[in-house]
Structures are given as structure tokens and as C-alpha cells.
Amino acid sequence: DRVLKSLSLAQGPEVKSFESEFSRFVGGRDCVAVNSGTSALHLCLIALGVGTGDEVIVPSFTFAATANVVALVGAKPIFVDVDPKTYCLNPLLVKSAITTKTKAIIVVHLYGLAANMPDISKIAKEHSLLVIEDAAQAHIASIEGKMVGTFGDAAAFSFYPTKNMTS
């Protein structure tokens, strides 16, 4: 009722408060609310300077937006298969997909399951690659006490009503 009565359904003090609260939830990282998880991924790519001529490794098992945002910034999505136990990127296959044009990896944490971020982070560091985490379906997933969305250079969360956390 308070939000509806404020007439500030988009932006305003409630959104600012949510950004601040969610920032604490993900270890103090800066948080910016946008209209969708797709827009969040797009913003991550733009903010990190991914663009024309770059390649971005993405999982072959994901929502279309993962590859679409890569193409939208002029880069080329490179599809890599997933680990059948986690439905997330297979680190061994990520390594073999890296070329001189590879600039980033988009990791998608699915169904509340975390991707193997220690191995993916190590591979990214060895090859000086950016890591973007799509944690739209894994808000409270963690690896050894560290939350998903805090491993990479940027992360996208979604609060659409079908996700495991909504707003």
C-alpha cells in the first residue's frame, strides 16, 4: 500500500532502498535496478566494454537473452555445453573454446544451482577474460559460503515473478 500510495512505481525511494538492501545481500557490490534480467546482462556487457569483434562464451543451455545481448552489443556468442549435473557451463569445455577474440564468459547459474565458479574464475584469470554471472535463478546459491553473483566482474539478477526471489 505504501508503494502504491507513493505513486513511485518505477524508480524513487523504494527502488533506491531496494538497491541498497540488495547491495548488502551480495557483499556490498554496487547494485542498479533495471527493467529486466535481459537489460541487466546488456548493461553488464556495455559497462565492461564488450563490443564489435569480441567473442563471448555462453552456455548452450540457457534462455535466449544470454546470446541475444551478446549479439546486441556487436559481439559473437560462442556456445559451450553444460555439465549435465549442474546444467551450468562445463569449465573443461570453456577452456577449449577460448580464442584470441574471446573477451568474456557469461556464466548462467540455473535452477538454484551454482556453476563451478572456482574453476571458471581460474580459467578467466589465466586468459585475462571478463566474467559476467547471470544469477537470475540462483539468488541465494553459494559456493563455500560465497554467494553467486560475487565471483565475476559483474552480475545480473532477475526478480521476475517466476524467479526464486521476486519484488
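This report describes the fold, the surface and one buried residue of a predicted model.

## Overall fold

The protein chain contains six helices and seven strands. Read from the N terminus, these elements follow the order α-α-α-β-α-β-α-β-α-β-β-β-β. The radius of gyration of the protein chain is 16 Å, close to the 15 Å given by the globule rule for 167 residues, so the chain is as compact as a globular protein of that length.

Along the principal axes, the C-alpha atoms occupy a box of roughly 55 × 35 × 25 Å. When contacts between residues at least 6 apart in sequence are considered, 56% of them join residues at least 24 apart.

## Burial, surface and charge

Of the 167 residues in the protein chain, 43% are buried. The accessible surface of the chain amounts to about 9,200 Å², and carbon and sulfur atoms account for 57% of that surface.

The charged side chains of the protein chain comprise 14 positive and 15 negative ones. The centres of these two sets lie 2 Å apart.

## The environment of Asp134

Asp134 belongs to strand E4, which spans residues 130-134. Its relative accessibility is 10%; because buried means under 20%, Asp134 counts as buried.

Beyond its neighbours within four places in sequence, Asp134 is in contact with six named residues: Leu41, Thr66, Val107, Val108, His109 and Ala156. Asp134 therefore combines a place in strand E4 with a buried setting at 10% relative accessibility.

Methods:
Residues are numbered from 1 along each chain as its sequence is written. This is a predicted model: local features need pLDDT of at least 70, side-chain atom pairs count only at pLDDT 80 or more; totals for chains, interfaces and linings use all residues. Side-chain values use heavy atoms; hydrogens and water are left out. Helices (H or I, at least four residues) and strands (E, at least two) are DSSP runs, numbered from the N terminus. Buried means under 20% relative accessible area, exposed over 50%, partly exposed in between (1.4 Å probe, protein chains only). Contact means heavy atoms within 4.5 Å. The radius of gyration is taken over C-alpha atoms; the globule rule is 2.2 Å times the number of residues to the power 0.38. Accessible areas come from the Shrake-Rupley method with a 1.4 Å probe; for residues, only the protein chains shown count as cover. Lys and Arg count as positive and Asp and Glu as negative; His and the chain ends are not counted. The place of a charge is taken as NZ of Lys, CZ of Arg, CG of Asp or CD of Glu.
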